[in-house]
Amino acid sequence: MRLADRVVIVTGGAQGIGRAIAARLHEEGATIVVADLQGAEEAAAELGGLGLRVDVSSESDTEAMAAAALERYGRIDGLINNAGIYTSLVPKPFEEISVDEWRTVYDVNVMGMFLATRAVVPAMRSAGYGRIVNIASGTPYKGVPFLLHYVTSKGAVVTMTRAIAKEVAGDGILINTVAPGFTMSDGVVANPVQIEKLQEISLKARLIQRDQFPEDIVGAVAFFCSPDADFITGQSLVVDGGAYFN
Ligand SMILES: NC(=O)c1ccc[n+]([C@@H]2O[C@H](COP(=O)([O-])OP(=O)(O)OC[C@H]3O[C@@H](n4cnc5c(N)ncnc54)[C@H](O)[C@@H]3O)[C@@H](O)[C@H]2O)c1
């Protein structure tokens, strides 16, 4: 129960990796706020928490998210910036990515993370305590082709983590990145093109010879939220079965 009495918001927590993270943090004692475009209330109800319909790319939604969490629980100790556009994307040469698609990916994956973080930091600052974990991806480390908008958006997540770490460390707020490899989340499993193009190639590239599942990621996230990581900030941990080395 490393997270007893902590209140943690998980964006995109209604399914996939976010849902598994929410379940694990709850097991460790945290009260969970699920913030998602769909299914938030149902997912939160399973954990006895608060479900909020939130589009992280909306400034007003993210402000309302923080306000609702504070109103219900009086504190926000943690934020897991997990909501992202990935599983609906079809890999394609970068010349074929439209400006609209590029903007949509950046609005959610980069702007969404900025907005959700900006919304919760004032409460964390007043409390002198906060733990933020940003979900990036192994793709920017490897330079994965055919998903240029996605890969660069996740590179931005890594650099945002480092830069924000320097602005908030003095207020007791620590922020780190967890970067998963290709994971059999709900969204991936529902996308036959991704399975066809990426499952086998990802398996071959990793040292641990099996598929990666959402549950493989949750331990790293819980660690960064726990007192065991109280002297760690601005870091990135790649959790991908040994496909990438620093
Ligand atoms: N699955 C993978 O292979 C993989 C690998 C590395 C990183 N990731 C990252 O992990 C995170 C979760 O991915 P997943 O595979 O579980 O995806 P998923 O599609 O299964 O689930 C994503 C969840 O985020 C929610 N969401 C999407 N846009 C949102 C928005 N604008 N506001 C609020 N909620 C929103 C969706 O409704 C959904 O519940 C993403 O950031 C993704 O980029 C995934």
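The ligand in this predicted model sits in the largest pocket, where a pocket is an open set of points on a 1 Å grid over the protein atoms alone, with protein on both sides within 12 Å along at least five of seven lines, and sitting there requires more than half of the ligand's atoms to lie within 2 Å of the grid points. Residues are numbered from 1 along each chain as its sequence is written. Local features need pLDDT of at least 70 and side-chain atom pairs count only at pLDDT 80 or more, while totals for chains, interfaces and linings use all residues, and side-chain values use heavy atoms, leaving out hydrogens and water.

Let us turn to the surroundings. The ligand is surrounded by 29 residues, of which D36, N82, T87, T183 and S185 are the closest, and a residue belongs here if one of its heavy atoms lies within 4 Å. Helix α7 gives the largest share of this shell, three residues.

Next come the polar contacts, which are pairs of N or O atoms within 3.5 Å. A polar side-chain atom of K154 is 2.9 Å from a ligand oxygen, whereas polar backbone atoms of V56 and L37 lie 3.0 Å and 3.4 Å from a ligand nitrogen.

Finally, there are four aromatic pairs in the structure, meaning rings of Phe, Tyr or Trp (its six-membered ring) with centres within 6.5 Å. The pair of Y86 and Y150 is tilted because the planes are at 35°, with the centres 4.6 Å apart; planes under 30 degrees apart would count as stacked and over 60 as edge-to-face. Since Y86 lies in the loop between β4 and α4 and Y150 in helix α6, this pair ties together parts 64 residues apart in sequence.

Terms used
Polar contact = N/O pair within 3.5 Å; in protein donor to acceptor, adjacent residues only side chain to side chain. 1 Å grid on protein atoms, 1.4 Å probe; cavity = no way out; pocket = protein on both sides within 12 Å on 5 of 7 lines; lining within 4 Å. Helix = DSSP H or I, 4+ residues; strand = E, 2+ residues; numbered from the N terminus.
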